[in-house]
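Work through these short exercises with the model open beside you. Try each task before you read its solution.

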Amino acid sequence: MFKSDALSMGRQTCIGIIGGGQLGKMIAHEARRMSFKVIVLDPTEGCPASKIADEQIVADFKDEAAIMRLAEKCDVLTYEIELANSSALKQLEEKSYPVRPAPETLRIIQNKHRQKSFLKEHRIAVPDFELVKSEEHLHELCRKFGLPAVLKATEDSYDGRGNFVIKSGDDVHRAYEYFKGRQVMLEKFVPFTKEVSIMVARNPSGQIESFPVVENIHKNSILDTTIAPAQISRKVEQKAIRLAKRTMEVLHGAGIFGIEMFVTKKGDVLVNEIAPRVHNSGHYTNEACSVSQFEQHLRAVLDLPLAKPELLSPAVMINILGPEGFDGVYAVTGLDAMMKVPGAELYIYGKKVSKPCRKLGHITATGRTVKEALARAKKARNAITLVPATEAR
């Protein structure tokens with residue numbers, strides 16, 4: 001089994017990352033800090049991670065030949081996006097090549113119905129769900145689950161783009177047509193009081209370590225704000241931690257996972273979705289924790305001892321999304337005012353083009369209290385404006 005337990009300046013350990021977006025960029029940054037070599041595979045030439053990595057292979061995430069080329073150049077493969085080709089990665093694993101998290105874990109998580117079925121089989125609490133066979137069947141399921149209910153595309157969907165909330169019987173036909181030709185499932189709506197998540201890491205040796213439970217606020221099904229720590233009771237916090245660790249145990253995953261959950265009025269905790277990778281809701285760890293999610297992920301995939309994360313201060317992360325009504329090259333204005341906010345840090349990912357609701361960056365602010373961190377984060381975010389590049393000249 002590959003394990004990088006030494007640093008050699010003569011022969012650097014090379015980490016291959018499938019996906020070169022902001023998550024890949026931040027993993028690469030941590031890897032380069034520790035003098036590991038990084039090669040990324042991404043279809044967009046000049047992707048954000050390419051600015052940090054030693055090399056980029058320009059190819060689709062599912063390109064089997066390109067993945068094999070990446071493996072030949074690297075000692076271990078990981079990924080920052082669920083669109084990676086799990087079948088090709090499985091072929092590598094069968095030849096004892098280290099792929100982390102495991103290809104089977106990726107295959108399970110890539111399909112939301114498969115993911116929820118797996119969790120249910122292992123007695124992990126999830127909302128009720130069922131595959132939709134036809135429009136008539138969707139009507140039946142809406143009567144069975146009650147409304148509102150959430151229709152979800154089972155594959156290739158993220159940031160809410162694969163969700164349709166059915167609020168009344170009049171929405172059923174429109175919802176069904178919206179996903180025409182795609183496999184969909186209906187999920188019972190959970191009247192949650194809070195959405196929370198937790199980053200949990202596991203290495204191949206079996207060590208598991210979890211970060212603090214955080215609270216997430218979504219707008220239009222896209223993460224807007226993360227608050228650390230979550231404003232929940234100790235009892236609910238412990239339930240979330242136990243559920244997250246149990247999930248990691250049954251998945252046998254190696255790497256870091258973002259586990260999103262619902263908290264109900266009764267204080268029950270249900271798993272909503274799992275991301276087998278570093279996650280948007282873990283960005284606060286860069287400023288507020290004793291170890292970042294990105295370093296912890298590298299420790300996990302290299303089978304090194306995991307750090308025991310400590311929250312050093314309350315923190316709030318707010319996403320910077322592409323504005324509605326604009327698609328094109330952009331500029332960021334307001335840096336002077338933003339950087340006057342104490343405890344605030346700005347990340348701009350380096351994506352060349354803005355699109356509505358596209359994640360272009362984020363702000364993290366720390367403070368002595370959650371209230372102070374939230375006020376700072378909002379003030380810093382409000383100072384930033386995205387404008388067409390021509391307007392900033």
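The exercises below use a predicted model.

**Exercise 1.** Find where Lys112 lies, and decide whether Lys112 is buried or exposed.

*Solution.*
Step 1: Start with the record. UniProt, in an unreviewed entry, lists Lys112 under "binding site".
Step 2: Locate the residue. Lys112 lies in helix α5, which covers residues 112-121.
Step 3: Apply the cut-off. Buried means under 20% relative accessible area. Lys112 has 11%, so Lys112 is buried.
Step 4: Look at the surroundings. Beyond its neighbours within four places in sequence, Lys112 is in contact with residues including Lys152 and Glu273. The UniProt "binding site" list also names Lys152 and Glu273.

**Exercise 2.** Do the same for Val190: where does Val190 lie, and which residues does Val190 touch?

*Solution.*
Step 1: Val190 is on the UniProt "binding site" list too.
Step 2: Val190 sits in the loop between β8 (184-188) and β9 (192-202).
Step 3: The relative accessibility of Val190 is 9%, so Val190 counts as buried.
Step 4: Leave out residues up to four places away in sequence. Val190 then touches Pro127, Phe262 and Thr264.

**Exercise 3.** Explain why Cys14 forms no bond with Cys74.

*Solution.*
Step 1: Recall the idea. A disulfide is a covalent bond between the sulfur atoms of two cysteines.
Step 2: Take the cut-off. The two sulfur atoms must be within 2.5 Å.
Step 3: Compare. The closest cysteine sulfur to that of Cys14 belongs to Cys74, at 3.5 Å, so the pair is too far apart for a bond.
Step 4: Check Cys47. Its nearest cysteine sulfur, in Cys74, is 14 Å away, and Cys47 is in no disulfide.
Step 5: Conclude. The whole structure has 0 disulfides.

Key
Residues are numbered from 1 along each chain as its sequence is written. This is a predicted model: local features need pLDDT of at least 70, side-chain atom pairs count only at pLDDT 80 or more; totals for chains, interfaces and linings use all residues. Side-chain values use heavy atoms; hydrogens and water are left out. UniProt positions are given in the numbering used here, feature names are shortened, and annotations may be inferred rather than shown by experiment. Helices (H or I, at least four residues) and strands (E, at least two) are DSSP runs, numbered from the N terminus. Buried means under 20% relative accessible area, exposed over 50%, partly exposed in between (1.4 Å probe, protein chains only). Contact means heavy atoms within 4.5 Å.
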